[in-house]
Amino acid sequence: MSKYTLSVNGQSKTVDVAPDTPMLWVLRDSLGLVGTKYGCGIGECGACTIHVDGSPRRACQTPVSEVGRAAITTIEGLSPDGKHPLQRAWVELDVPQCGYCQSGQLMTAASLLKQDPRPSDAEIDKTMAGNLCRCASYTRMRAGIKRAAELAASGISDKGGRE
């Protein structure tokens, strides 16, 4: 076991785990942040997507020893009160069906909107292609991303308020 001090959702957290422990299990088992989901365990489905220094990463394939002092953001840290434009759009359009993959979908979509605040359908489809949904709600997710882009353009910030 080794001690790691991590920056998770803006807070410093210390964990004592083996260096090869995937961030998925550090987040869920050591820190109690269960919004990040276990899907395939091989980085193919995207259910475990988190941000590491703002870039999407598969938590199931990211050992804690590789993270260092990078800023980690989970679905719990996307917006403390659930008012991120994506979260608002997801609720407004009733995007999820079973919901299991949605935290990973939202984290990937948030990264996309940071890079491109007005993505085309093709850009959305290309970016989201790595996140699988067993309910196949892809059309509704695309609509949700477009609605979130509209909300963000109208001044709804990542923190849920107007800028």
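Does Lys3 count as buried or exposed, and at what relative accessibility? In this predicted model, the relative accessibility of Lys3 is 66%, above the 50% cut-off, so Lys3 counts as exposed.

## Surroundings of Lys3

Lys3 belongs to strand β1. Leaving aside residues up to four places away in sequence, Lys3 touches Thr14, Val15 and Asp16. For Asp16, the sequence separation from Lys3 is 13 residues, while the C-alpha atoms of the two are separated by 4.3 Å.

## Pairing of strand β1

Strand β1 covers residues 2–8 and strand β2 covers residues 11–17; the two pair in the antiparallel sense over seven bridges. Within this arrangement, Ser2 stands opposite Val17 in β2. The two strands form a hairpin, with two residues between them. Asn9, located in the turn, has a positive phi of about 50°.

Strand β1 also pairs with strand β5 (residues 71–73), here in the parallel sense and over two bridges. In this pairing, Ser7 stands opposite Ala71 of β5. Strand β1 thus has an antiparallel pairing with β2 and a parallel pairing with β5.

## Secondary structure of the chain

The protein chain contains seven helices and five strands. Along the sequence, these elements follow the pattern β-β-α-β-β-α-β-α-α-α-α-α. The pattern opens with two strands and ends with a run of helices.

## Overall dimensions and packing

What radius of gyration does the protein chain have, and what would a compact globule with 163 residues have? The chain has 15 Å, which agrees with the value near 15 Å for a compact globule with that number of residues. Along its principal axes, the C-alpha trace spans about 45 × 35 × 25 Å.

Of the 163 residues, 43% count as buried. Among contacts between residues at least 6 apart in sequence, 58% join residues at least 24 apart.

## Surface and charge

The protein chain exposes about 8,200 Å². Carbon and sulfur atoms supply 50% of this area.

The chain carries 19 positive and 17 negative charges. The mean positions of these two sets of charges are 3 Å apart.

Definitions and conventions. Residues are numbered from 1 along each chain as its sequence is written. This is a predicted model: local features need pLDDT of at least 70, side-chain atom pairs count only at pLDDT 80 or more; totals for chains, interfaces and linings use all residues. Side-chain values use heavy atoms; hydrogens and water are left out. Helices (H or I, at least four residues) and strands (E, at least two) are DSSP runs, numbered from the N terminus. The radius of gyration is taken over C-alpha atoms; the globule rule is 2.2 Å times the number of residues to the power 0.38. Buried means under 20% relative accessible area, exposed over 50%, partly exposed in between (1.4 Å probe, protein chains only). Contact means heavy atoms within 4.5 Å. Accessible areas come from the Shrake-Rupley method with a 1.4 Å probe; for residues, only the protein chains shown count as cover. Lys and Arg count as positive and Asp and Glu as negative; His and the chain ends are not counted. The place of a charge is taken as NZ of Lys, CZ of Arg, CG of Asp or CD of Glu. Two strands pair if DSSP finds at least two bridges between them.
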